[in-house]
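Ready for a few exercises on reading a fold? Keep the structure open beside you and try each task before looking at the worked solution.

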Amino acid sequence: MTYSLENVVPWGRTLDEYATFFALTDDDLKKSIIGCGDGPASFNMEATARGTKVVSCDPIYAFNADAIRQRIDETYPVIMAQTAAHQEQFLWNHYKTLDNLANIRMQAMRRFLEDYRDGPSRYIASALPDLPIASDSFDLALSSHFLFLYSEQLDLDFHQRSVDEMLRVAREVRIFPLLDLTVQTSSHLEPIMTTLGQRGYHCQIETVHYEFQRGGNKMLRITRS
Ligand SMILES: C[S@@+](CC[C@H](N)C(=O)[O-])C[C@H]1O[C@@H](n2cnc3c(N)ncnc32)[C@H](O)[C@@H]1O
């Protein structure tokens, strides 16, 4: 698939945020982790700094740091203006203010760019549903704000193949949030849980201590039984 940066809205989150989305414990951070669709998140850089073995996969890693920075500079004011215009659609318990959200987001993306500029092999240019990774390479695979969120744009087949691929490379998969962009529970969630259940996987929806999209405080954990 041809992938163009013009279609991407880069938005990156921190290790603290990932830890809350995915209920990551200190023991989890001792595991090997693959982040699928990590984009310009500082999760990889920060987790690596504390000793976690972490690899991130995203099609934007086909582009260099300057190109990604330019795209962030173009889209950042647009997203912040949209968030400001629709503030009532979000819960502000976590970030408190729009300025604080803006600072956290920008700092995360700056940290990502500093790390990424050095070209570490921890960033792999690749797109779900295909990961260029050997089977059973990781303990944990994460998807933050990609699977389920774009359910209107990406169909059930794409989601099922992506989750299957994540389960091929990792023993456990966690996905957050379970809402789509219209703030409804993804219509793909139930069929995927049914299919995986029939194949003997254990799927559990867990409430986490993070809610920004109203009702967006659920994480799906999938483990091999
Ligand atoms: C909203 S961002 C989330 C970034 C990061 N996970 C976070 O939560 O901060 C969605 C990411 O999905 C990536 N993406 C788009 N298509 C993808 C695909 N087929 N496979 C993996 N990632 C993809 C985009 O490039 C973008 O970085």
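A friendly reminder before we start: this is a predicted model.

**Exercise 1. Find the order of the strands in the sheet, and name its edge strands.**

*Solution.* Begin with the whole sheet. Seven strands make up an open sheet with mixed pairing, and their order is β3-β2-β1-β4-β5-β7-β6. At the edges are β3 (123-124) and β6 (201-207), each of which pairs on one side only.

Now add the helices. Helix α5 packs on the sheet and touches β1, β4, β5, β6 and β7 (218-224). The direction of α5 makes about 140 degrees with that of β5. Helix α6 also packs on the sheet, where it touches β6 and β7, and its direction makes about 145 degrees with that of β6.

**Exercise 2. Work out how β1 is paired with β2 and how buried its residues are.**

*Solution.* Take the pairing with β2 first: β1 and β2 (residues 53-57) run parallel, joined over five bridges. Within β2, Val55 is the bridge partner of Ile34. To get from β1 to β2, the chain passes through α2 in a right-handed β-α-β crossover.

Next, look at burial. Five of the five residues of β1 are buried, leaving the strand mostly covered. Ser32, Ile34 and Cys36 point one way, while Ile33 and Gly35 point the other way; all are buried.

**Exercise 3. Trace the pairing of β4 with β1 and with β5, then explain why β4 counts as largely enclosed.**

*Solution.* On the β1 side, β4 pairs in the parallel sense over three bridges with β1 (residues 32-36). Ile34 faces Ala141 of β4, and Ile33 stands opposite Leu140 of β4.

On the β5 side, the pairing is again in the parallel sense, over six bridges. Here Phe138 has Ala170 in β5 as its bridge partner. The chain goes from β4 to β5 by way of helix α5 (residues 156-169), and this β-α-β crossover is right-handed.

Finally, the enclosure: six of the seven residues of β4 are buried, so the strand is largely enclosed by the rest of the structure.

**Exercise 4. Describe the largest nonpolar core and say which element gives it the largest share.**

*Solution.* Start with the size: the largest nonpolar core holds 40 residues, and Phe22 and Phe43 have the most contacts inside it. The elements contributing two or more residues are α1 (15-21), α2 (43-49), α3 (65-85), α4 (98-117) and β4 (138-144). Of these, α4 gives the largest share, with seven residues.

Zoom in on Phe43. Beyond its neighbours within four places in sequence, its contacts include Leu15, Tyr18, Leu24, Ile33, Val54 and Leu142. There is also a second, separate core of 26 residues, with Val55, Leu147, Ile175 and Ile222 among them.

**Exercise 5. Locate His188, decide whether it is buried or exposed, and find the backbone oxygens close to its side chain.**

*Solution.* First, the location: His188 sits in the loop between β5 (170-176) and α6 (189-198). Second, the burial: His188 has 7% relative accessibility, and because buried means under 20%, it counts as buried.

Third, the polar partners. The His188 side chain reaches the backbone oxygen of Leu154 at 3.0 Å, and a polar atom of that side chain lies 3.2 Å from the backbone oxygen of Ser151. To complete the picture, set aside neighbours within four places in sequence: His188 is then in contact with Phe148, Ser151, Leu154, Asp155, Leu156 and His159.

Conventions
Residues are numbered from 1 along each chain as its sequence is written. This is a predicted model: local features need pLDDT of at least 70, side-chain atom pairs count only at pLDDT 80 or more; totals for chains, interfaces and linings use all residues. Side-chain values use heavy atoms; hydrogens and water are left out. Helices (H or I, at least four residues) and strands (E, at least two) are DSSP runs, numbered from the N terminus. Buried means under 20% relative accessible area, exposed over 50%, partly exposed in between (1.4 Å probe, protein chains only). A polar contact is a pair of N or O atoms within 3.5 Å; within protein, one must be able to donate a hydrogen and the other to accept it, and residues adjacent in sequence count only if both atoms are side-chain atoms. Contact means heavy atoms within 4.5 Å. A nonpolar core is a set of buried Ala, Val, Leu, Ile, Met, Phe, Trp, Tyr and Cys residues joined through side-chain atoms within 4.5 Å. Two strands pair if DSSP finds at least two bridges between them. A crossover is right-handed if, with the strands pointing away from the viewer, the path from the first strand over the helix to the second runs clockwise. Axes are lines fitted to C-alpha atoms, for helices over the stretch in contact, and angles run from 0 to 180 degrees between N-to-C directions.
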